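The exercises below are meant to be worked through with the structure in view. Each one sets a task and then gives a solution in steps.

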Amino acid sequence: MSYDIKDTALVTLFVRYMSSEGPKEELLGLLPLPGQTRGEDIANAVQKCLEDNGIDINKIVSIAIDGARSMTGIYRGVTSILQKKINYEILTFHCIIHQEALCAQTFPAEIVEVMNLVIKIINSILAKALYHRQFKDFLEEIDNQFSDLLLTFQR
């Protein structure tokens, strides 16, 4: 789980599947959890994202999770809740790869280059409180719909 600049919890839903063209991988969604981050909240967000993308929940074979109790709990963890909903056992893996690294593996080199530049710019804005205040003032001055950075990255 990651957090945006406003401390909203975000769950990354990254899927691997077989298509007619062979195996595919993609970032299906970055799911905000504005309230609590209990297993049921995460499971509901995942299920809704799958439904919104036309993916049958009964097609889940495995899930990679971090070690958080909300993910691994025997009774109220995400994996337990999903297994009860689909009525068969899902293979569960403890993810040891950072979300960003997993997702970045599927990016073309041009996007990686752009993302590295964006991360460098964001980190320079956040490096000093003065720069951050000036950036927020700039956004207000140009009547931007956002008043601050949406996400923060660090490498």
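**Exercise 1.** In this predicted model, decide whether serine 80 is buried or exposed, and find its contacts beyond the neighbours within four places in sequence.

*Solution.* Begin with the accessible area: serine 80 has a relative value of 12%, and because buried means under 20%, serine 80 counts as buried. Next, place the residue in its element, which is helix α3. Finally, leaving aside the neighbours within four places in sequence, look for its partners, and you will find that serine 80 is in contact with Gly73, Ile74 and Tyr75.

**Exercise 2.** Determine how the axes of helix α1 and helix α3 are arranged, and which residues of the two helices meet.

*Solution.* Start with the axes: those of α1, residues 39-52, and α3, residues 78-86, come within 8 Å and cross at roughly 55°. Angles from 35 to 65 degrees belong to neither the roughly parallel nor the roughly perpendicular class, and α1 and α3 are therefore oblique to each other. The crossing in which α1 passes α3 is right-handed. As a last step, list the residues that meet: on the side of α1 they are Gly39, Glu40, Ile42, Ala43, Asn44 and Gln47, and on the side of α3 they are Val78, Ile81, Leu82 and Lys85. Sorted by class, this contact of α1 with α3 has 5 nonpolar, 3 polar and 2 charged residues.

**Exercise 3.** Describe the span of α1, its buried residues and what follows the helix.

*Solution.* For the span, take the 14 residues of α1, which reach 20 Å from the first C-alpha to the last, close to the 20 Å expected at 1.5 Å a residue. For burial, the residues to mark are Gly39, Asp41, Ile42, Ala43, Ala45, Val46, Gln47, Cys49 and Leu50, and these buried residues of α1 pack against β2, β3, α2 and α3. After the helix comes glycine 54, whose phi is positive, near 70°.

**Exercise 4.** Locate asparagine 87 and aspartate 143, and work out whether each is buried or exposed.

*Solution.* Asparagine 87 lies in the loop between α3 and β5, and although it is not a glycine, its phi is positive, at about 65°. Its relative accessible area is 70%, and since exposed means over 50%, asparagine 87 is exposed. Turning to aspartate 143, you will find this residue in the segment after α6, with a positive phi near 55° in a residue other than glycine. Aspartate 143 also counts as exposed, at 69% relative accessibility.

Methods
Residues numbered from 1 in each chain as written. Predicted model: local features only at pLDDT ≥ 70, side-chain atom pairs only at ≥ 80, totals over all residues. Heavy atoms only, no water. Axes fitted to C-alpha atoms, helices over the stretch in contact; angles between N-to-C directions. Helix = DSSP H or I, 4+ residues; strand = E, 2+ residues; numbered from the N terminus. Parallel < 35°, antiparallel > 145°, perpendicular 65-115°, else oblique. Left-handed = near helix turned anticlockwise from the far one by under 90°. Contact = heavy atoms within 4.5 Å. Nonpolar A, V, L, I, M, F, W, Y, C, P; charged D, E, K, R; others polar. Expected span 1.5 Å × (residues − 1). Buried < 20%, exposed > 50% of the residue type's maximum accessible area, 1.4 Å probe, protein only.
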